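Colleague: I'd like to learn how to read a model like this one. Could you walk me through it?

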Amino acid sequence: MKSRIHLLFKLLLLCLLLGLTHTARAQGKPNPNAAPNEFVQQVADQVLTALKADSGVRAGNAARVNQLVDDLILPNIDFEKTTRLAAGRNWRQATPEQQAALVKAFRGTLARAYSGAFTRVDEATTIKVLPFRGDAEATDVVVKSQVTQRANTQPIGLDYRLEKTPQGWKIYDLNVENIWLIENYRNQFSQQISQSGIDGLIQALNQRAQQ
Amino acid sequence: MRSRFFTQQFGLALCAAALVMLSGCATHPPGPANPADPLEASNRAVFEFNDGLDRAVFKPAAQAYAFVVPQPIRTCINNIFLNAGEVWSWFNSTLQGRQVDALNTFGRFLFNSTMGLGGCLDVASQTGAERIPNDFGVTLGVWGLDSGPYVVLPIIGSATLRDGAGRVVDLYVNQVGYGSLIHNVDVRNSIYGFEVIERREALLGVTNTIDRTALDRYSFIRDAYLKRRKAQVDGAMAEAEKLPSYEDFGAEPADAQALGLTPKK
């Protein structure tokens, strides 16, 4: 009898917890202290909901795309880390001003990549975050997801690399179909730096923005 | 003796002239040498050639196709081509010892060809059985062949020595294999031409993003290609190793016995 009540109590607690997480998710504000896969799902849901509601972003309106990247994506990304890792050993040779300018210029590249992806979003687009397979205690993790762009098409593999910071999880690298963003940009950066230095790299990134 | 010396000299001069010409074509100054890309100078020249051809012919054709034909129909046609390629993927999974993947691919092909109306609807993906792409380059990699240097082939594009050879086999099997089913030459060639435009259209999104974000498109595409191919081969090898293969000491080696290699008891 006692164990039965105990079980009932446990079930009740479980329902309550599930209900709580459900309401937290419905509100749409990502919780960086949740499990990494839940956090990524929340970020993805929030961005997708915003995209589906905003035809200006989908049409590639630069101001709207920037707004959305600033409001919904960048707060969840450690973009300084992304840039730092992409710059590799060259990062230390840069002055703090150059570092800041590089982060800003690379952010523009990221926004352009996103704006291209956003134009292909429609009502049928879904992002399914796969169950987290890594170590629950790890502070550097990979979360896998599958993006289905349109009805009747194959999903594309999109993985996120996250780091646990004092403020909770932050995304710092992306993998599209087995290609890591930072890894691919490392060579782009070093190639440009060897040709024209760090200022040349900043200039090249900014130039691409005007094209 | 003398003539041999001259042939050698002439050959060297010809090589040097070709190299100068090729490197002259490359507009981007090459960056730090990549050990996987020793042929960078000539690769860049072919890359520029392909790019010019793409801008003049393939990309506009693909854009026109995308403009005229509605998205659901384009998706359907893309799925039909992908579905037709599944037979060859199945065969490659089998060659690589990936029995589970092979079975899944074959099941997908049967299901999509029938319930999916000849592959138009990817009904198998909706039931959770996603496409497992495979090709002969991956098979050669699983068999232990190194990728060799990176090469940019005219029209075909990014490849390595191994994957380029694999690509030739892939194209031969798919084009000639299916082509032999279509007897009318005009119809067959029209379908080949259409397939090229259709494939280019499916890549428009990717190439637009690369145009917008890469600092040096040549090395961006090269690095991405090499990473992706390596991941495909590594993944295929891991997949093949997933199931342990057991030596069954209880069973009589039937083949050997039939051939008369082992004495019958």
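Modeller: Let's go through the fold, the cores, one helix and the interface.

Modeller: Some ground rules to begin with: this is a predicted model, where local features need pLDDT of at least 70, side-chain atom pairs count only at pLDDT 80 or more, and totals for chains, interfaces and linings use all residues. Residues are numbered from 1 along each chain as its sequence is written, while chains are lettered from A and ligands numbered from 1 in the order in which they are written.

Colleague: How many helices and strands are there in chain A?

Modeller: Helices (H or I, at least four residues) and strands (E, at least two) are DSSP runs, numbered from the N terminus. Chain A has eight helices and five strands, and along the sequence they run α-α-α-α-α-α-α-β-β-β-β-β-α.

Colleague: And which residues of the largest nonpolar core touch the most other members?

Modeller: The general idea is that nonpolar side chains tend to be buried together in soluble globular proteins. Here "buried" means 20 or more other C-beta atoms within 10 Å of a residue's own (exposed is 12 or fewer, partly exposed in between), with C-beta atoms placed from the backbone. A nonpolar core is a set of buried Ala, Val, Leu, Ile, Met, Phe, Trp, Tyr and Cys residues joined through C-beta atoms within 7 Å. Of the 20 residues in the largest one, A:Val65, A:Ala86, A:Leu102, A:Phe189, A:Ile198 and A:Leu201 touch the most other members. Two or more residues each come from α4 (62-73), α5 (79-87), α7 (96-118) and α8 (181-210) of chain A, with α8(A) giving the most, eight residues. Apart from this core lies another, of 14 residues, including A:Val40 and A:Tyr160.

Colleague: Why do the buried residues of α4(B) line one face of the helix?

Modeller: An α-helix has 3.6 residues a turn, so residues three or four places apart point the same way. In α4(B), the buried ones are B:Asp101, B:Ala102, B:Thr105, B:Arg108, B:Phe109 and B:Asn112. They fall within an arc of 125° seen down the axis, so they line one face; the arc is that of the directions from the helix axis to the C-beta atoms.

Colleague: Last one: how many residues of chain B are in contact with chain A?

Modeller: Contact means C-beta atoms, placed from the backbone, within 7 Å. By that rule, 26 residues of chain B are in contact with 23 residues of chain A. On the chain B side, α10(B) provides the largest share, seven residues. By class, that side has eight nonpolar, ten polar and eight charged residues, where Ala, Val, Leu, Ile, Met, Phe, Trp, Tyr, Cys and Pro count as nonpolar, Asp, Glu, Lys and Arg as charged, and the others, Gly among them, as polar.

Key
Contact = placed C-beta atoms within 7 Å.
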